[in-house]
Amino acid sequence: MSVPMTATAVGAANTALVVKDPKIQLKTFNGFRNNNTCYSSTYSLLLHKRIHPFSSSTSSTLIRAVSTPLKQETSVETKRSKVEIFKEQSNFIRYPLNEELLTDAPNINEAATQLIKFHGSYQQYNRDERGARSYSFMLRTKNPCGKVSNQLYLAMDDLADQFGIGTLRLTTRQTFQLHGVVKKDLKTVMSTIIRNMGSTLGACGDLNRNVLAPAAPFVREDYLFAQQTADNIAALLTPQSGFYYDMWVDGEKFMTAEPSEVVEARNDNSHGTNFPDSAEPIYGTQFLPRKFKVAVTVPTDNSVDLLTNDIGVVVVSDDNGEPQGFNIYVGGGMGRTHRIETTFPRLAEPLGYVPKEDILYAVKAIVVTQRENGRRDDRRYSRMKYLIDSWGIEKFRSVVEEYYGKKFEPSRELPEWEFKSHLGWHEQGDGRLFCGIHVDNGRVKGTMKTTLREIIEKYNLNVRITPNQNLVLCDIRPSWKRPITVALAQGGLLPPSYVDPLNITAMACPALPLCPLAITEAERGIPELLKRVRAVFEKVGLRHNEFIVVRVTGCPNGCARPYMAELGLVGDGPNSYQIWLGGTPAQTSLARSFMNKVKIQELEKVFEPLFYNWRLKRKSKESFGDFTNRIGFEKLGEMVDKWEGVPKSSSRYYLKLFTDKETYEAVDAIARVENKTAHQLAMEVIRNYAASHQNGKSE
């Protein structure tokens, strides 16, 4: 049956079944289950019983697929958010942005502000400045797997100096952010990125964002297959209507040839997934209800925070290491809203297994299920996690199977997960090396920026950005290792063994001054915060090499994934944070809210009793996150409430550094002048000494 499609069409699959009115209405959302917790439906059971969310077992009885729910015919217009109307009227994300960019005003209007997100940009202003707003734009690139060519890195480095604020920011989704671009320079900057093998298309907006994969350039079957799959998923879900190139390079397209399997999967409409004869066969005019995030990885490597994504994909190989298929997880997401308990962070849960030749069709089916059924009336509830939480995983699986055309197989068993930073020197497996470099908060600036530029340019290196905001230098000849190591040390980029382990795993979002959503500090505040955490560690007797996963965000949207941290700080007021506890080092457990409205100057009153009791009462090798989950929040709260300070008997001298009390006291006196502890000052001196005498042999 042929159905005419209009600008308001949303339900491709449903139009293939029955449509009498060409104006297709949006599905009415049925609401949330009524309960008193912020985690509803069956997922609440996973959280409160601490069931391991990576369990690969699924029901032995396959759920029979149900028919895709038809949109009810109605003469009453279904409520839609303002953004949905902007998308509908935009001619595939063009109008009125194309007109707004031509005006002399330093900013763009509300509709254009929403549309430019699809092009990879946010309008911002400096909140530190008083008086008239000084508008600028943040640009975010799209780099599947975090891959950045030598040419693109050098171009981004130049653009930061010429049109930005002189810094590059590495994001938690393996992309660049370029801040401070003024409106009149947008087209120059965008076109330069495009002409240098880069893109910002879909880095923001209601569509698939950057696809994550491990940044390590191992020449191994599973890693290569994961990265190829991430590239293919990114290509499959890239917009096709040409609005991006029309806007920034006058319609000239800079696209590489797509694999045939991507083209075939995109064009396939055998199960009613596509909009026939549409410029956007998968997205239609309305695109998705909200952002959509995908990550691909290999067993054991959870460097991508797999469970925080809408879709998590894991390569499954046979005994010979040959990839056979994928386990798929669905329904993760970090964003929430303070004081609205029906919004919450959520971990993805197992959906099932598919053979490797079906992965693109399975991913497309999941995306279409969200497109057809995700809420479009209230954007706070538009992420796929809320759809799955409302339906339950069995109904969701059944509907996806209708679009997929097959049943999902039971998930395959997988080994335990661990966080892998990929920092330091490693063999790639092809005779070359890679070097993972720690970048505090992902901010490339100053001497570090100059040093990286010189090394990357001199040795013609490609790089990769990690999901933990670090940088990997790839394809290094063994003979280059020594001079590169020396150059890095001279630029202040030390091997990971010389970096405080607290910093290695910490993350923060940019927050103030440019993010319009920030309630308080994150990136600018975390360096001092980590020093304070380390000082408390020392005060309560924890060793200098011990650490916990700390993440800080300036608002509850969760860009730095604080709800997976062992200690998450989420801005909930000026100089005030919610404290979240219970994440684990492997990123497989969800933290929970422990305390609200803790002023930044009062944090030690919470940290001291928690860290002291962790040192005193933990089991062998028990992480801080596991400790807080075992003890329970009620007892932890009592520890904080009854805290009277660290008992004198718990103080200790670091005999590995100080062989006598007199030396310790002398160094301690000097350290206090600089507002540091004796141990911090001693370690700083040792690290600086080591760096200045770096001979290229240390890794």
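Here a biologist and a modeller talk through the packing in this predicted model.

Biologist: Let's start broadly. What percentage of the 699 residues in the protein chain is buried?
Modeller: Happy to. This is a predicted model, and its protein chain has 22 helices and 19 strands. Among contacts with a separation of 6 or more, residues 24 or more positions apart account for 70%. As for burial across the 699 residues, the share is 60%.

Biologist: Which residues of the largest nonpolar core touch the most other members?
Modeller: That core holds 112 residues. Domain 1 (85-213 + 217-404) and domain 2 (424-495) both contribute residues to this core, so it lies between them. In general, nonpolar side chains tend to be buried together in soluble globular proteins. The members with the most such neighbours are Tyr 153, Ile 328, Ile 366, Phe 396, Leu 452 and Ile 484.

Biologist: Ile 366 caught my eye; which residues is Ile 366 in contact with, leaving aside neighbours within four places in sequence?
Modeller: Ile 366 is one of the core members that touch the most others. With those sequence neighbours set aside, the contacts of Ile 366 are Phe 292, Ile 311, Ile 328, Val 330, Leu 351, Met 384, Phe 396 and Val 400.

Biologist: How many residues are in the other core, the one that lies apart?
Modeller: Leu 530, Val 540, Leu 603 and Val 606 are among the members of that separate core. Its residue count is 43.

Biologist: Now the rings, please. How do Phe 611 and Phe 624 pair: stacked, tilted or edge-to-face?
Modeller: A search of the whole structure gives 22 aromatic pairs. In this one, the ring centres are 5.2 Å apart and the planes make an angle of 65°. Because planes over 60 degrees apart fall in that class, the pair is edge-to-face.

Biologist: Why does that pair tie together separate parts of the chain?
Modeller: Phe 611 belongs to helix H18 (residues 603-617) and Phe 624 to helix H19 (residues 624-631), so the contact joins parts that lie apart in sequence. Both rings are buried, Phe 611 at 1% relative accessibility and Phe 624 at 1% as well. The sequence gap that the pair bridges is 13 residues.

Biologist: And how many residues apart are Tyr 612 and Trp 643?
Modeller: These two rings form a tilted pair, 5.4 Å centre to centre with 55° between the planes. Tyr 612 is in helix H18, while Trp 643 is in the loop between helix H20 (633-641) and helix H21 (661-673). Tyr 612 is buried, at 12% relative accessible area. Along the chain, the two are apart by 31 residues.

Biologist: Which residue lies over the face of Tyr 125?
Modeller: There are charged groups over rings here; one of them is Arg 220, whose charged end is 5.9 Å from the ring centre of Phe 218. For Tyr 125, the distance to the ring centre is 4.1 Å, and the residue is Arg 133.

Biologist: How far from Cys 515 is the nearest cysteine sulfur?
Modeller: The model has zero disulfides. A disulfide needs sulfur atoms within 2.5 Å. Cys 515 is partly exposed, at 22% relative accessibility. Its nearest cysteine sulfur belongs to Cys 555, at a distance of 5.8 Å.

Biologist: Last one: which residue just after H7 takes a positive phi?
Modeller: Helix H7 (residues 186-195) has buried residues including Leu 186, Val 189 and Met 190. Its buried residues pack against elements including strand E1 (121-125) and helix H6 (150-163). Just past this helix, a phi of about 70° belongs to Met 197.

Key: Residues numbered from 1 in each chain as written. Predicted model: local features only at pLDDT ≥ 70, side-chain atom pairs only at ≥ 80, totals over all residues. Heavy atoms only, no water. Phe/Tyr/Trp six-rings, centres within 6.5 Å; stacked < 30°, edge-to-face > 60°. Helix = DSSP H or I, 4+ residues; strand = E, 2+ residues; numbered from the N terminus. Buried < 20%, exposed > 50% of the residue type's maximum accessible area, 1.4 Å probe, protein only. Lys NZ or Arg CZ within 6 Å of the ring centre and 35° of its normal. Core = buried A, V, L, I, M, F, W, Y, C linked by side-chain atoms within 4.5 Å. Domains from an automatic or database assignment. Contact = heavy atoms within 4.5 Å.
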